[in-house]
Amino acid sequence: MKSDVILGLQWGDEGKGKIVDYLASKYDVVARFQGGPNAGHTLEFDDIKHVLHQVPSGVFRDNTKNIIGNGVVLDPVIFRKEIDALKKFNIEPFYNLFISKRAQIILPTHRLLDAAYEKSKGDEKIGSTLRGIGPTYQDKTARIGLRVGDITMKDFKEKYEKLKGKHLSILKLHEFEHDLDPLEVEFFDALEFLKKFKLVDTDYLINQSLAAHESVLAEGAQGSLLDIDFGSYPFVTSSSTTCAGVCTGLGLAPSKIGQVYGVFKAYCTRVGEGPFPTELLDEVGEKLRKEGHEFGATTGRPRRCGWIDLPALKYAIMLNGVTQLAIMKADVLDTFDEINVCTHYKLKNGTLTDALPFDLCNEDITPIHKTLKGWNVDITDITDYRSLPSELIEYIVFLEEELKVPINIISVGPNRVQTIFKNNNFR
Ligand code: GDP
Ligand code: IMO
Ligand code: MG
């Protein structure tokens, strides 16, 4: 067997959580491969909305194993809160949640460092979620980080104090005021809680699952345009959000990658700073934000909104080897008379291109749009592809022709049931 992958093709918040939750019933294993509590994955069913940050979105499916892979950075305090929130719904993932011993731990001082670094950047801040993601990955690559497997070792406290000392000296340099004591109390409590879970070699577990013909779905966080290598650097996150991250973040060989589902919104959003060529700073952008309830699932910040960006989507599809697409939030466009699609960028020197320029941050880009007719129909109750309005089908067919990948999933609302498959013979 091979592992299928679901990942975001834009700047995050495409609706990955909804699709993973939906498809999880068809998989034996769901595994998060990167990111951490900067992610906020929303799942809606039975009139309840859940937001998951680190726990994989397969957790609501009884027979699905859930893995937090080695590529993840785990905050034990947020983890505990997530598990407590799940308990209210009688979900106790002590048996079906497996955490990699190799996953890096986010310390309270990592969060403080994140805040200190952002503050020192002033106007050039990234707009980080301030969850300590960057500093934790920094320590991982500096080879001084602490891993989940370390917490059961005798010398953990010693290692912790050593790293904390390093962090405190940086915080001092930044003259960053903080009150670490209460944060440490909840951190050490949360570590004891974490020890009750299955802390294992998930690299072996996942490969053994595939060898035993179990189906595996890898769940991405963030989006391709936030990738540390290929995103709009430096306005990116600190992990590999693309398909390559599945291999390093779970211990899967490239030959073990199967279907790659690319998830994208019918328009485009971004939260935090950084370039966004198709951003709409007018009433149309405001309408997208209002209709799409575009406020961050992790930080509550308003998301920036704009039209769909084909050069960026084509780039993401290329990087990930996407085999199938899921278009999300099509219903948000229900009341728009016209829908614009950015097909090309016009650069300052007059060149037209559908490739992403190296210096997206400083390049003066004018998006070139093609205008399509809106459908002006409420599609939220439609359950089969053939019943969709012809203008929406035209939009989908146009995107498929441009992107050269089939759009097999059409999402028409936040609820699990508001999901349409073009081909019923899926999997
Ligand atoms: P993720 O991070 O990719 O999992 O996405 P988020 O959960 O951060 O953001 C997606 C938001 O859109 C959530 O509030 C979802 O409930 C919502 N959503 C997902 N699919 C649809 C859809 O098809 N229509 C509408 N209206 N909302 C959707
Ligand atoms: P999901 O998985 C949207 C953005 C932040 C910031 C930048 C760096 O829900 O799609 P970080 O905290 O990682 O240092 O922030 O990346 N960002 C996200 N934007 N969705 C996410 O995750 C994000 N995770 C990080 O807003 O601009
Ligand atoms: Mg999100």
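So, how many of the residues in strand β15, residues 324-328, are buried? Before I answer, keep in mind that what we're looking at is a predicted model. Okay: 5 of the 5 are buried, so to speak a mostly covered strand by the DSSP run and the under 20% cut-off.

Let's go round it. On one side you've got Gln 324, Ala 326 and Met 328, and on the other Leu 325 and Ile 327. Each of those is buried, and that gives you cover on both faces of β15.

Now, who are the neighbours in the sheet pairing? Strand β11, residues 257-265, runs parallel to β15, and 5 bridges join the two. If you want a place to click, go to Leu 325: Gly 262 has Leu 325 as its bridge partner in β15. Then there's strand β19, residues 407-411, which also pairs with β15 in the parallel sense, over 3 bridges. Leu 325 turns up here again, standing opposite Ile 407 of β19.

On to the nonpolar cores. The largest has 58 residues, and Leu 333, Tyr 395 and Leu 399 have the most contacts inside it. Helix α11, residues 390-403, gives the most to this core, with 6 residues.

Have a look at Leu 399. Leaving out residues up to four places away in sequence, Leu 399 touches Ile 327, which we met on β15, and also Phe 264, Ile 308, Leu 310, Val 341, Lys 404 and Ile 407. Apart from the largest core there's another one, of 33 residues, with Leu 52, Val 72, Ile 99 and Ala 190 among them.

As a general backdrop, nonpolar side chains in soluble globular proteins tend to be buried together.

Key: Residues are numbered from 1 along each chain as its sequence is written. Chains are lettered from A and ligands numbered from 1 in the order in which they are written. This is a predicted model: local features need pLDDT of at least 70, side-chain atom pairs count only at pLDDT 80 or more; totals for chains, interfaces and linings use all residues. Side-chain values use heavy atoms; hydrogens and water are left out. Buried means under 20% relative accessible area, exposed over 50%, partly exposed in between (1.4 Å probe, protein chains only). Helices (H or I, at least four residues) and strands (E, at least two) are DSSP runs, numbered from the N terminus. Two strands pair if DSSP finds at least two bridges between them. A nonpolar core is a set of buried Ala, Val, Leu, Ile, Met, Phe, Trp, Tyr and Cys residues joined through side-chain atoms within 4.5 Å. Contact means heavy atoms within 4.5 Å.
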